[in-house]
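Trainee: Could you take me slowly through a close look at one part of this model, and then show me how you would read the rest in the same way?

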Amino acid sequence: MAEDDETGAAAEAELKKGFETLEVVQPDPSVPVHYIYLNRPAQRNALTPAFFTDLPRALALLDRLPSARAIVLAARGPHFCAGIDLSTLAATSSPRSADRAAASELLRRRILALQAAISAVERCRKPVVAAIQGACIGGGLDLVAACDIRCCDEGAFFAVKEVDLALAADLGSLQRLPSIVGYGNAADMALTGRGVPAAEAKAMGLVTRVFPSRAAMEEGVATLARGLAEKSTVAMMGTKAVMLRSRDLTVDQGLEYVATWNSAMLMSRDLEEAVRAQLEKRKPNFSRL
């Protein structure tokens, strides 16, 4: 426990140093839920190179923080995210080298680094809930596709816009969306670049909850995240890990994987505490991770 406290204190100290493109807050110190806000509202939260450093750093720190049992990914301003900043896109796509092969390899490594920053969302052990308002375009859609649960208000809309910039989306939408909304819906979005309104996004499964206003969404997401934070972190971590791994496996392979996982994790203090709490008709007191 002392080691956990030291790890948490170190993570809190790092979080206090702040971020260039993000704001990380815990609105209520008594509730183990942290918010990561995209914090460039004047630029519609367009993603800059600093974002791709800030995001994995913030997630790694929250992953280590015992007081963060659930994470909400939200955004300041009227829009969630307008995609990658065009100056960033231009700089990324134009590596300087006289050797074409060397330039191509440099570009490939840059793209892989950007992909890793987005993938850090789903690799975080804690559940991540997206709260989306306004535009969620391009890189913003890549970002929310990596979240575990997606919620929006009625004014939100979604678009895979890379096709209109003469390129294929390369930060995860083309890989994650088919398993979320089905191949046909993903192809429709990716090939047309059209905006998908909130109601349609709900119908295709891109979001699971649509709220009538931003205020209602913020309240609803807060309640959702609080509920997640009350559950066993061991169970949440295992459920997320098994679902992500099973996404790319056959049913039989996924069953074998979860059997192996639970053979190591089932005999936990949290399981004993959950059973005891049920018998004693009280809320469980789960371990901190």
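Mentor: Let us begin with Ser 173, which is found in helix H6, a helix covering residues 173-181. Please keep in mind throughout that this is a predicted model. Ser 173 has a relative accessible area of 1%, and because buried means under 20%, Ser 173 counts as buried. If we leave aside its neighbours within four places in sequence, Ser 173 is in contact with Gly 138, Leu 141, Asp 142 and Pro 178.

From there we can turn to a sheet, which is open and made of three strands in the order S5-S7-S8, with mixed pairing. Its edge strands are S5 (135-137) and S8 (196-197), each of which pairs on one side only. Strand S7, residues 157-159, pairs with S8 in the antiparallel sense over two bridges, and at one position Phe 158 has Val 196, in S8, as its bridge partner.

Helix H2 deserves the same patience. With 16 residues, H2 reaches 24 Å from its first C-alpha to its last, which is close to the 22 Å expected at 1.5 Å a residue. Several residues of H2 are buried, including Phe 51, Phe 52, Leu 55, Leu 59, Leu 62 and Asp 63. Of these, Phe 51 also appears among the residues that line the largest cavity, together with Thr 21, Leu 38, Asn 39, Arg 40, Asn 45, Ala 46 and Leu 47. That cavity has a volume of about 30 Å³, and the structure holds one cavity of 30 Å³ or more.

Asp 63 leads us on to the charged pairs, since the side chains of Asp 63 and Arg 125 meet in a salt bridge, at 3.1 Å from N to O. This pair links distant parts of the chain, 62 residues apart, because Asp 63 sits in helix H2 (residues 49-64), whereas Arg 125 sits in the loop between helix H4 (100-123) and strand S4 (128-132). The two partners also differ in how they are covered: Asp 63 is buried, with a relative accessible area of 16%, while Arg 125, at 31%, counts as partly exposed.

A pair within one helix makes a useful second case. Glu 105 forms a salt bridge with Arg 109, and the closest N and O atoms are 3.6 Å apart. Where do Glu 105 and Arg 109 lie relative to each other? They are four residues apart in helix H4, so about one helical turn separates them. The general rule is that an α-helix has 3.6 residues a turn, so residues three or four places apart point the same way. Both are partly exposed, Glu 105 at 35% relative accessibility and Arg 109 at 47%.

A third salt bridge joins the side chains of Glu 230 and Lys 283, again given from N to O, at 3.6 Å. Glu 230 lies in the loop between helix H9 (214-229) and helix H10 (233-246), and Lys 283 lies in the segment after helix H12 (269-280), so this pair ties together parts that are 53 residues apart in sequence. Here Glu 230 is partly exposed, at 43%, and Lys 283 is exposed, at 64%.

Finally, Glu 122, Arg 176, Arg 247 and Asp 248 are linked in a network of salt bridges. How many salt bridges does the structure hold? It holds 19, among them the pairs we have just followed.

Notes:
Residues are numbered from 1 along each chain as its sequence is written. This is a predicted model: local features need pLDDT of at least 70, side-chain atom pairs count only at pLDDT 80 or more; totals for chains, interfaces and linings use all residues. Side-chain values use heavy atoms; hydrogens and water are left out. A salt bridge is a side-chain nitrogen of Lys or Arg within 4 Å of a carboxyl oxygen of Asp or Glu. Buried means under 20% relative accessible area, exposed over 50%, partly exposed in between (1.4 Å probe, protein chains only). Two strands pair if DSSP finds at least two bridges between them. Contact means heavy atoms within 4.5 Å. The expected span of a helix is 1.5 Å times one less than its number of residues. On a 1 Å grid over the protein atoms alone, a cavity is a set of points where a 1.4 Å probe fits but cannot get out, and a pocket is an open set with protein on both sides within 12 Å along at least five of seven lines; lining residues have an atom within 4 Å of a point. Grid points are joined across faces, edges and corners, and a volume is the space filled by probe spheres set on the points.
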